Amino acid sequence: MTGAIRYSGMFLVLMILQLLIFNNIEFSGYVNPYIYVMFILVLPVAIPSWILLILAFLTGFVIDLFSGTIGVHSFATVMAGFVRPWVLSLNVTAEASEPDMSPSSYRSGLRWFMIYVVTVVFIHHLALFFVEVFSIRNFFHTLLRVLLSTAVTTFFIVLIDFIRPHR
């Protein structure tokens, strides 16, 4: 029960930060940090896939609801939730066998956490920006947006991971 309360609190904090602060950050139209993806990243390793996908959809739906986008964030977060177990299986460590273990740099090491975050955030941003543009006309422009936004989002997620309490 305390885990559900902790994750609910994290969900609220990340949504508030995203909607009030990070949605207003944009550098030259290329960099848009989306830290709300961290909620999907730090869910327990052993969470059932169907719950993960429902939580991913709800996360994206809340952002879509308050940002005025129609399903773009929902699609991208479901995509991130879909690939998360596969990315975890590629990078699984001995500590990941604990059912309640939440991925973090504290437990798994910074290198492992960075690879995990960059991979999932890149896939999320790739889906988000290409669905947003819905064209391959400016492919390299959109790819540059994906790469720069992934770098900035990863920076903020790792920074928040260092700040959040680890248990």
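# A tour from salt bridges to surface patch

Begin by selecting Arg164 and Asp161, which form a salt bridge whose closest N and O atoms are 3.0 Å apart. Both partners are hidden from the surface, for Arg164 is buried and Asp161 is buried as well. Keep in mind throughout that this is a predicted model, and that the structure holds 2 salt bridges.

For the other pairing, select Arg145 together with Glu132, whose side chains meet in a salt bridge with an N to O distance of 3.1 Å. This pair links distant parts of the chain, since Arg145 belongs to helix H7 while Glu132 belongs to helix H6, the two residues being 13 apart. Colouring by accessibility separates the partners: Arg145 is buried, with a relative accessible area of 11%, whereas Glu132, at 38%, counts as partly exposed.

Next, move to the loop that lies between helix H6 (110–133) and helix H7 (139–163), and select Phe134 there. Is Phe134 buried or exposed? Its relative accessible area is 72%, and Phe134 is therefore classed as exposed, the cut-off for that class being over 50%. The backbone of Phe134 also deserves a look, because phi is near 55°, a positive value in a residue other than glycine.

From the loop, go on into helix H7 and select Thr154. With a relative accessible area of 5%, Thr154 is buried, and a polar atom of the Thr154 side chain lies 2.7 Å from the backbone oxygen of Thr150. Which residues does Thr154 touch, if those up to four places away in sequence are not counted? They are Met114, Val117, Val118 and Val121, and displaying these four side chains around Thr154 leads to the next stop.

Select Val117, which in turn touches Leu41, Thr154 and Ile157, again not counting residues up to four places away in sequence. Val117 is also one of the residues with the most contacts inside the largest nonpolar core, a set of 38 residues in which Leu41 and Tyr116 are the others named for their contacts. To see where this core comes from, show helix H1 (2–20), helix H2 (38–41), H3, helix H4 (72–90), H6 and H7, each of which supplies at least two of its residues. Which helix gives the most to this core? That helix is H6, with 9 residues.

Return to helix H7 for one further selection, Leu159. At 37% relative accessibility, Leu159 counts as partly exposed, in contrast to Thr154 of the same helix, which is buried at 5%. If Ser8 is selected along with Leu159, a C-alpha to C-alpha distance of 20 Å can be displayed between them, although the two residues are 151 apart in sequence.

Finish on helix H3 (residues 49–67), where Phe61 is found. Phe61 is partly exposed, with a relative accessible area of 41%. To see its surroundings on the surface, select Trp50, Ile54, Phe57, Leu58, Phe61, Leu65 and Phe66, which form a nonpolar patch with about 780 Å² of accessible area together.

Methods: Residues numbered from 1 in each chain as written. Predicted model: local features only at pLDDT ≥ 70, side-chain atom pairs only at ≥ 80, totals over all residues. Heavy atoms only, no water. Helix = DSSP H or I, 4+ residues; strand = E, 2+ residues; numbered from the N terminus. Buried < 20%, exposed > 50% of the residue type's maximum accessible area, 1.4 Å probe, protein only. Polar contact = N/O pair within 3.5 Å; in protein donor to acceptor, adjacent residues only side chain to side chain. Contact = heavy atoms within 4.5 Å. Patch = residues over 30% accessible without salt bridge, like charges linked within 9 Å, V, L, I, M, F, W, Y side chains within 5 Å. Areas by Shrake-Rupley, 256 points an atom, 1.4 Å probe, with all protein chains shown as cover. Salt bridge = Lys/Arg side-chain N within 4 Å of Asp/Glu carboxyl O. Core = buried A, V, L, I, M, F, W, Y, C linked by side-chain atoms within 4.5 Å.
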